[in-house]
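Trainee: I would be grateful for a close look at a single part of this protein, namely the strands that pair into a sheet and the helix that packs on them. Please set that part in the context of the chain as a whole.

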Amino acid sequence: MAEDSDAEKTEPASAKRLEQAREEGDVPRSREVATFTVLMAAGAGLWMTSDGLIRQLQAVLVSGLKLDQEQIFNADVLFHRIAVDVVQVLIACLPLGVAVMVVALASPMLVGGWLFSAKAFTPNFNKLNPISGISNMISTNALVELLKALLKTIVVGFVAWLVVLKYKDAVIGLSLEPLKLGIGHTLNMLAAAFMFIVGALGLIAAIDGPYQMWHYANKLKMTRQELIQESKESDGNPQIKGKIRQLQREMAKRRMMADVPTADVVVTNPTHYAVALKYNDNMRGAPKVVAKGTDEVAAKIREIAKEHKVAMLEAPALARALHKHTEIGDEIPEQLYAAVAEVLAYVFQLRVFNRGDGNRPDVPKKLDVPPTMDPLDPAFIPKHGKQPDLNNGASA
């Protein structure tokens with residue numbers, strides 16, 4: 001059952017899957033929406049520009065029927081006259097043509113959006129496979145297209161029949177009207193019939209647009225296994241990612257160890273924690289943590305500090321507080337200023353003594369570390385609001 005569930009395409013397409021489909025020229029398209037918008041634009045354009053268009057075409061027609069003797073017997077002059085008339089017709093139809101072209105270019109934005117894909121122009125000989133062609137002919141999509149064609153025929157035919165019934169008497173009465181009035185009346189009826197029939201196509205377009213979006217989303221659905229595989233390909237294999245994170249930690253550790261010799265003091269606990277601090281009089285701000293660690297890392301910090309003669313001081317509470325509340329490169333918290341200042345004062349006095357000046361300073365015994373900063377103090381309350389297990393690390 002689990003294998004059957006994994007094999008079913010139940011998951012929506014991922015962003016990567018959708019992007020790959022667009023790159024291959026596969027986007028939702030509705031021919032019904034495009035046809036409806038173009039026909040509506042053409043009908044509306046004819047309706048609004050009919051008066052001016054008729055006048056211009058009438059003028060061209062009248063001019064074209066007036067031929068003088070030179071035009072009749074001189075083919076060059078006649079062809080020039082015909083060319084001029086054709087240009088005038090094109091100019092008269094230009095606004096309508098531009099409007100229809102703009103709508104035709106904008107109509108894809110309604111379903112699928114604009115898309116240019118070079119892959120769509122690449123020949124695909126698999127489409128010439130007769131077996132695939134037969135399977136496409138009896139597919140669900142082919143059945144839907146057949147039903148749409150039948151629905152269009154029924155709807156358009158029914159609307160056309162209603163239009164004929166509506167204008168039947170008016171058409172018969174055209175023979176009794178004057179020529180100019182009859183032509184205008186005929187054009188109005190044709191325009192109205194056109195708009196009614198195209199409006200019927202709007203019903204088909206209103207159904208087909210959402211259907212094509214649903215069909216496209218359903219076609220690109222993925223199985224759970226495909227999503228898992230894509231996630232691995234996108235984010236990388238978890239084992240490889242773990243190895244990379246391990247290498248990054250090792251590199252960070254090496255950089256941290258390289259900064260230990262520059263520290264002024266290493267505060268220890270005395271074996272479980274080690275925090276290296278650095279303070280420069282020329283720097284603004286508080287002392288910074290240049291290295292920190294526990295157990296083996298702490299031992300390595302102490303080893304490097306001893307090798308480079310960096311002062312070390314056992315201050316368990318301060319070491320635990322610094323390790324808990326700071327990261328590498330951070331300045332020490334304000335609550336620990338007094339304790340760290342006392343440590344640094346001891347270190348700087350010790351340097352003076354080692355140069356042969358002054359007296360040996362006393363090692364700080366009790367540093368001012370607030371109980372709320374020490375993880376092993378009962379007063380400490382971590383961010384998650386739970387008291388730590390005081391039995392763990394009690395030897396620290």
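Mentor: What follows begins with the chain, turns to the sheet and its helix, and closes with a pair of packed helices for context.

The model is a predicted one. Its protein chain holds 13 helices and four strands. Of the 396 residues in the chain, 27% are buried. Among contacts with a separation of 6 or more, 71% join residues that are 24 or more positions apart.

The part you ask about is built from four strands, which form an open sheet with mixed pairing in the order S3-S2-S1-S4. The edges are taken by strand S3 (288-294) and strand S4 (311-314); each has a single partner strand, so one side of each is left without a neighbour in the sheet. From one strand to the next, the twist averages 20°.

The pairing of S1 with S4 can be followed to the residue. Strand S1 covers residues 265-268, runs parallel to S4 and is joined to S4 by four bridges. Within this pair, Thr268 stands opposite Glu314 in S4.

Helix H12, residues 316-325, packs on the sheet. H12 touches S1, strand S2 (273-278), S3 and S4, and the direction of the helix makes about 75° with that of S2. Several residues of H12 are buried: Leu318, Ala319, Arg320, Ala321, Leu322 and His323. The cover over these buried residues includes S1, S2 and S3, and also helix H13 (337-354).

For context, consider next a part of the chain where helix packs on helix. Such a pair is described by the angle between the axes and the distance between them. Helix H3 (residues 31-64) and helix H5 (residues 75-106) pack at about 170°, and their axes lie 9 Å apart. That angle makes H3 roughly antiparallel to H5. On the H3 side, the residues in contact include Ala41, Ala42, Gly45, Leu46 and Leu53, while the H5 side includes Val89, Ala92, Cys93 and Leu96. By class, the contact of H3 with H5 comprises 14 nonpolar, six polar and two charged residues.

Two serines add detail to this region. Ser63 lies in helix H3 and is partly exposed, with a relative accessible area of 26%. Leaving aside residues up to four places away in sequence, Ser63 touches Arg81 and Asp85. Ser63 and Asp85 are 22 residues apart in sequence, yet their C-alpha atoms are 8.1 Å apart in space. Ser30, by contrast, lies in the loop between helix H2 (15-23) and H3. Ser30 is buried, with a relative accessible area of 6%. Beyond residues up to four places away in sequence, Ser30 touches Val111, Asp208, Gly209 and Gln212.

A record can be set beside these helices. In an unreviewed entry, UniProt lists residues 89-116, 146-165 and 186-207 under "transmembrane region". Over residues 146-165, the model is 100% helix and 0% strand, with the end C-alpha atoms 29 Å apart. Residues 186-207 are likewise 100% helix and 0% strand, and there the end C-alpha atoms are 33 Å apart.

To return to your request, the picture is of an open sheet in the order S3-S2-S1-S4, on which H12 packs while touching S1, S2, S3 and S4.

Definitions and conventions. Residues are numbered from 1 along each chain as its sequence is written. This is a predicted model: local features need pLDDT of at least 70, side-chain atom pairs count only at pLDDT 80 or more; totals for chains, interfaces and linings use all residues. Side-chain values use heavy atoms; hydrogens and water are left out. UniProt positions are given in the numbering used here, feature names are shortened, and annotations may be inferred rather than shown by experiment. Two strands pair if DSSP finds at least two bridges between them. Axes are lines fitted to C-alpha atoms, for helices over the stretch in contact, and angles run from 0 to 180 degrees between N-to-C directions. Contact means heavy atoms within 4.5 Å. Angles under 35 degrees count as roughly parallel, over 145 as roughly antiparallel, 65 to 115 as roughly perpendicular and the rest as oblique. Ala, Val, Leu, Ile, Met, Phe, Trp, Tyr, Cys and Pro count as nonpolar, Asp, Glu, Lys and Arg as charged, and the others, Gly among them, as polar. Buried means under 20% relative accessible area, exposed over 50%, partly exposed in between (1.4 Å probe, protein chains only).
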